[in-house]
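Okay, thanks for coming, everyone. I've got one structure to walk through today, so let me put it up and we'll go from there.

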Amino acid sequence: MTTTLIPAGLLPEMLAIANKNRLNVQAIFEAANIEPDTIGRPDRFIKLEQLDKLLEAAFVTANNPYLGLVVGRDGTSRFL
């Protein structure tokens, strides 16, 4: 099985979107098993599965059916 890795450099953008939407940042990053010291480090990577868990936790926490649109609007093409 192949593991797809995503640059941890995209995490500050997700963190900013989560903060802007008043999400429990600690809870969603813990749900994805992402260590805080990983955020924004260009030399670190997360698994695609962790990104999926992060987004799922954000959607559940937000209780906002339009959060995906917010991410699309506020995110850069690097994040998408």
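Let's start with Asn63, which counts as exposed, at 70% relative accessibility. You'll find Asn63 in the loop between H3 and H4. The backbone there is a bit of a curiosity: Asn63 isn't a glycine, yet its phi is positive, about 50°.

There's another residue like that. Arg22 isn't a glycine either, and its phi is positive at about 55°. Arg22 sits in the loop between H1 and H2, and it's exposed, with a relative accessible area of 78%.

Before going on, keep in mind that this is a predicted model. So how confident is the predictor? The mean pLDDT of the protein is 87, with 92% of its residues reaching 70 or more. Confidence is highest in E2, at 95, and lowest in H4, at a mean of 83.

Okay, on to H4, then. Which of its residues are buried? Those are Leu67, Val70 and Val71. Looking down the axis of H4, these buried residues fall within an arc of 100°, so they line one face of the helix. And here's the textbook background: an α-helix has 3.6 residues a turn, so residues three or four places apart point the same way. If you flip to the face of H4 turned away from the buried side, you get the exposed residues Leu69 and Arg73. And what covers the buried side? H1 and H3 are among the elements doing that.

Now the inside. The largest nonpolar core has 21 residues, and the ones with the most contacts inside it are Leu11, Ile28, Phe29, Ile34 and Leu54. As for where the core comes from, helix H1 (11–20), H2, helix H3 (48–62) and helix H4 (67–74) each supply at least two of its residues.

Let me zoom in on Ile34 from that list. If you skip residues up to four places away in sequence, Ile34 touches Leu11, Phe29, Ile46, Gln50 and Leu54.

Last stop is Thr38. Where is it? In the loop between helix H2 (25–31) and strand E2 (45–47). Buried or exposed, though? Thr38 has a relative accessible area of 4%, and the cut-off for buried is under 20%, so Thr38 counts as buried. Leaving out neighbours within four places in sequence, its contacts are Ala8, Leu11, Arg44 and Ile46. You'll recognise Leu11 and Ile46 from a moment ago, since Ile34 touches them as well.

Okay, that's my tour. Over to you.

Technical notes:
Residues are numbered from 1 along each chain as its sequence is written. This is a predicted model: local features need pLDDT of at least 70, side-chain atom pairs count only at pLDDT 80 or more; totals for chains, interfaces and linings use all residues. Side-chain values use heavy atoms; hydrogens and water are left out. Helices (H or I, at least four residues) and strands (E, at least two) are DSSP runs, numbered from the N terminus. Buried means under 20% relative accessible area, exposed over 50%, partly exposed in between (1.4 Å probe, protein chains only). Contact means heavy atoms within 4.5 Å. A nonpolar core is a set of buried Ala, Val, Leu, Ile, Met, Phe, Trp, Tyr and Cys residues joined through side-chain atoms within 4.5 Å. The arc is that of the directions from the helix axis to the C-beta atoms. pLDDT is the predictor's confidence in each residue, from 0 to 100.
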